[in-house]
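Here is a quick walk through one protein model, from its sheet and helices down to a few residues worth a second look. Have the structure open while you read.

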Amino acid sequence: MVERAQAPAQETQAYDIDKPLGQIVASGVSAEEYERLYIGHYEWVRGYVIKMSPISIRHENVVIYLRQLLNAYFALNPIGVVYGDPFVQRIDNVESRRQPDLQIILKTNPGKLTATAMIGPADICIEVISEGTAGKDYGEKFEEYEQGGVGEYWIFDTEREEYRFFRRSQQGTFKSFYVDADGDYETPLLPKLKIHVPTLWEEELPNILQIVEAVKAMMEEK
């Protein structure tokens with residue numbers, strides 16, 4: 001059974017279904033104009049330019065930890081790369097230019113990497129919820145990433161200590177997957193890597209040396 005992401009009830013708000021969520025700073029903007037004038041602190045959806053939400057220290061720490069974890073993994077198992085905001089993901093069939101907190105692009109990805117953007121869907125998109133972004137992350141981005149062909153979509157909510165892992169099914173829709181009894185999430189896209197979700201809720205996250213040692217241990221497991 002395919003589960004669609006749902007934002008927590010307290011984040012639900014009334015909005016114009018024809019307009020994307022967020023602070024709209026311009027409309028009627030072409031993709032070319034966006035790429036020339038707005039890349040950096042804005043996203044683009046169907047002609048609307050949306051200002052990115054401010055982030056918290058906790059949000060930033062989790063993003064940094066995940067990026068260091070993934071960089072260490074790819075250093076030991078060079079099957080892909082990870083890029084972060086403001087690196088753009090360009091998905092033309094859903095008319096969006098999003099800047100995921102992190103996007104993983106494997107060497108087998110048929111898309112094209114430019115100096116500022118991934119043209120085509122990433123293999124994995126990761127969003128860490130900021131204040132006011134739950135509606136977008138659980139709703140609009142879920143739909144865009146699913147329709148656009150993203151392989152997996154991970155959502156982490158540090159305030160509520162909640163997570164969602166979605167993988168693309170054979171039917172092309174996202175299906176929920178969960179951590180194991182130890183709190184680890186594993187995906188066939190990243191062999192031997194374990195994302196220990198409870199670690200993300202800790203006040204003090206592992207440092208780079210601890211991360212590298214942990215990844216080395218994962219890679220040495222049979």
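## A sheet, two helices and some odd backbone spots

Before anything else, note P86: this proline sits in the loop between β4 (80-84) and β5, and a cis peptide bond with omega of about 15 degrees joins D85 to P86. Keep in mind that this is a predicted model.

**The sheet.** Let's step back to the wider layout. Six strands form an open sheet with mixed pairing, in the order β4-β7-β10-β11-β12-β13. β4 and β13 are the edge strands, each pairing on one side only. From one strand to the next, the twist averages 20 degrees. Helix α2 (residues 57-76) packs on this sheet and touches β4, β7, β10 and β11 (152-157), with its direction at about 165 degrees to that of β4.

Within the sheet, strands β7 (residues 102-106) and β10 (residues 124-128) run antiparallel and are joined by three bridges. Here L102 stands opposite I126 in β10.

At the β13 end, strand β12 (residues 162-168) pairs with β13 in the antiparallel sense, this time over four bridges. R167 has K175 of β13 as its bridge partner. The hairpin of β12 and β13 has five residues between the strands, and G172 takes a positive phi near 90 degrees there. In a regular strand, side chains alternate between the two faces of the sheet. Strand β13 (residues 174-177) does just that: F174 and S176 point to one face and are buried, whereas K175 and F177 point to the other and are not.

**Helix α3.** This helix lies across β10, β11, β12 and β13, running at about 165 degrees to β11. How far apart are the end C-alpha atoms of α3? They are 20 Å apart, which agrees with the 21 Å that the 15 residues of α3 (residues 134-148) should span at 1.5 Å a residue. Still, α3 has a kink of about 40 degrees, centred on K141. The helix is mostly covered, with eleven of its 15 residues buried; among them are Y138, K141, F142 and Y145. G149 follows α3 and has a positive phi, near 100 degrees.

**Positive phi without glycine.** Most residues other than glycine have a negative phi. Two residues here have a positive phi although they are not glycines, and both are worth a look:

| Residue | Phi | Loop | Relative accessible area |
|---|---|---|---|
| E95 | about 50 degrees | between β5 and β6 (96-98) | 43%, partly exposed |
| K192 | about 75 degrees | between β14 (184-185) and β15 (195-196) | 39%, partly exposed |

**Q89 up close.** Last stop: strand β5 (residues 88-91), where Q89 lies. Is Q89 buried or exposed? Q89 counts as buried, because its relative accessibility is 1%. A polar atom of the Q89 side chain lies 2.8 Å from the backbone nitrogen of A122. Leaving aside neighbours within four places in sequence, Q89 is in contact with a list of residues including R97, P100, Q103, M118, A122, C125 and V150. Y145 is also one of the Q89 contacts, and Y145 is among the buried residues of α3.

Notes:
Residues numbered from 1 in each chain as written. Predicted model: local features only at pLDDT ≥ 70, side-chain atom pairs only at ≥ 80, totals over all residues. Heavy atoms only, no water. Buried < 20%, exposed > 50% of the residue type's maximum accessible area, 1.4 Å probe, protein only. Polar contact = N/O pair within 3.5 Å; in protein donor to acceptor, adjacent residues only side chain to side chain. Contact = heavy atoms within 4.5 Å. Pairing = 2+ DSSP bridges. Expected span 1.5 Å × (residues − 1). Bend = angle between axes of the 7 residues up to and from the residue. Axes fitted to C-alpha atoms, helices over the stretch in contact; angles between N-to-C directions.
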